[in-house]
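Let's take a walk through this one together. Have a look at the structure below, and then we'll start with a single helix and work outwards.

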Amino acid sequence: MRLQVAYPKSEKENAKKVEEALSALGYEVLEVKEKPLYPEEVILALFSSKTKEREFLQDLPWLEKQKEYSSIAYLHVMPFFVYSSKEEDPEVAFEGNAGELYEDVFSGEFKPYGWDFASSNPAQEFARVLGDYQE
């Protein structure tokens, strides 16, 4: 199965870790640069507690356009929150930049997937949640 991963430049290191883990699980992972290559397929929009909304939207202008013009019916964007439970409590982390970004960009329309780098199996629920976005 093919997945697209979109992220701001500041999240390149985190994105590479996620891409490697998903590739090891058998997913073909493509990086979204200027716009989604396959807009009808799922796009993981990766962010962390350090991601600032302005940077996120500047680096992903196609997502800002989608936000401004309401929902694009065929676009399947999965908010993908990365963190390490060894370094931060995800609920506390989500109260800052990450929560603001999520509320403003995704408007609660889509539930975020939490990828814990400290977990022995961060993808435990991934396939099930991904299925919701593919419908």
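Keep in mind that this is a predicted model. Start on the outward side of helix H1, where Glu 13, Glu 20 and Ala 24 are exposed. Now flip to the other side: Asn 14, Ala 15, Val 18, Glu 19 and Leu 22 of H1 are buried. Viewed down the axis of H1, those buried residues fall within an arc of 135°, so they line one face of the helix. Why does that kind of spacing work? An α-helix has 3.6 residues a turn, so residues three or four places apart point the same way.

H1 covers residues 12–24, and its length checks out: at 1.5 Å a residue, its 13 residues should span 18 Å, and the end C-alpha atoms are indeed 18 Å apart. Just after H1 comes Gly 26, with a positive phi near 100°.

So what do the buried residues of H1 pack against? Their partners are E1, E2, E3, E4, E5 and H6. Those five strands make an open sheet, paired in parallel and ordered E2-E1-E3-E4-E5. Strands E2 (28–31) and E5 (113–116) sit at the edges, each pairing on one side only. From one strand to the next, the twist averages 30°.

Zoom in on E4 (residues 76–83) and E5: they run parallel, joined by four bridges. One to look for is Phe 80, whose bridge partner in E5 is Tyr 113.

Two other helices are worth finding. H5 (residues 97–106) packs on the sheet, touching E3 (42–47) and E4, with its direction at about 145° to that of E3. H6 (residues 126–134) lies across E1 (2–6), E3, E4 and E5, running at about 150° to E4.

Note on methods. Residues numbered from 1 in each chain as written. Predicted model: local features only at pLDDT ≥ 70, side-chain atom pairs only at ≥ 80, totals over all residues. Heavy atoms only, no water. Pairing = 2+ DSSP bridges. Axes fitted to C-alpha atoms, helices over the stretch in contact; angles between N-to-C directions. Contact = heavy atoms within 4.5 Å. Expected span 1.5 Å × (residues − 1). Buried < 20%, exposed > 50% of the residue type's maximum accessible area, 1.4 Å probe, protein only. Arc of directions from axis to C-beta.
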